[in-house]
Amino acid sequence: NFNKGENFKMDNLKSCPFCGGEASLIPILDGSKDGTVKCYFVICDDCYSQTNDFSTKKEATDAWNKRVK
C-alpha cells in the first residue's frame, strides 16, 4: 500500500539518459480507499521522460536504469 508522504526519490535511480536530470519512482493507485498501488513508473523530474508501467518498484527501477548508457 502507498503511504502518503512516501519519498519518491530513490538512491538507486540513475540520472535521466536524455537530460541528466533526477528521476522519481511514481506509484499509480487503484482508486480504492486503502491506497493499494496498481503499478509503478519512473519519470524524469526535468524533461518528463518516463518508463512504461510495471507491477513492482524493482521492475520500474530496472527498466529506467537500463536506459542509461
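Contact here means heavy atoms within 4.5 Å. The model is predicted. The chain contains 1 helix and 2 strands. Along the sequence, these elements follow the pattern β-β-α. Of the 69 residues, 32% count as buried. The exposed surface of the chain is about 4,700 Å². Carbon and sulfur atoms supply 48% of that surface. Among contacts between residues at least 6 apart in sequence, 34% join residues at least 24 apart.

The helix α1 has a buried face. A60, T61, W64 and N65 are its buried residues. Viewed down the axis of α1, the buried residues fall within an arc of 125°, so they line one face of the helix. These buried residues pack against β1 (23-29) and β2. K58 and K66 are exposed, on the other side of α1.

The loop between β2 and α1 was examined next. S49 is found in this loop, which connects β2 (37-44) and α1 (57-66). S49 has a relative accessible area of 13%. The cut-off for buried is under 20%, so S49 counts as buried. Leaving out residues up to four places away in sequence, S49 touches C16, F18, V42, I43, C44, W64 and R67. With R67, the side chain of S49 also forms a polar contact of 3.1 Å.

T51 is found in the loop between β2 and α1 as well. The relative accessibility of T51 is 7%, so T51 counts as buried. Neighbours within four places in sequence aside, T51 is in contact with F41, V42, A60, A63, W64 and R67. V42, W64 and R67 are thus among the residues touched by both S49 and T51. Of the residues that T51 contacts, A60 and W64 are also among the buried residues of α1.

The cysteines were considered in turn. C16 lies in the segment before β1. With a relative accessible area of 4%, C16 is buried. Residues up to four places away in sequence not counted, C16 touches G21, C44, C47, S49 and W64. The contacts of C16 therefore include S49 of the loop between β2 and α1, a residue that is buried as well. They also include W64, one of the buried residues of α1.

C16 and C47 are 31 residues apart along the chain. Their C-alpha atoms are separated by 8.5 Å. The closest cysteine sulfur to that of C47 belongs to C16. It is 3.7 Å away, too far for a bond, because a disulfide requires cysteine sulfur atoms within 2.5 Å. C47 is partly exposed, with a relative accessible area of 34%, whereas C16 is buried.

A disulfide is a covalent bond between the sulfur atoms of two cysteines. The structure holds 0 disulfides. C19 is accordingly in no disulfide, and the nearest cysteine sulfur, that of C44, is 3.5 Å away. C19 is partly exposed, at a relative accessible area of 42%. C44 itself is touched by both C16 and S49.

Notes: Residues are numbered from 1 along each chain as its sequence is written. This is a predicted model: local features need pLDDT of at least 70, side-chain atom pairs count only at pLDDT 80 or more; totals for chains, interfaces and linings use all residues. Side-chain values use heavy atoms; hydrogens and water are left out. Helices (H or I, at least four residues) and strands (E, at least two) are DSSP runs, numbered from the N terminus. Buried means under 20% relative accessible area, exposed over 50%, partly exposed in between (1.4 Å probe, protein chains only). Accessible areas come from the Shrake-Rupley method with a 1.4 Å probe; for residues, only the protein chains shown count as cover. A polar contact is a pair of N or O atoms within 3.5 Å; within protein, one must be able to donate a hydrogen and the other to accept it, and residues adjacent in sequence count only if both atoms are side-chain atoms. The arc is that of the directions from the helix axis to the C-beta atoms.
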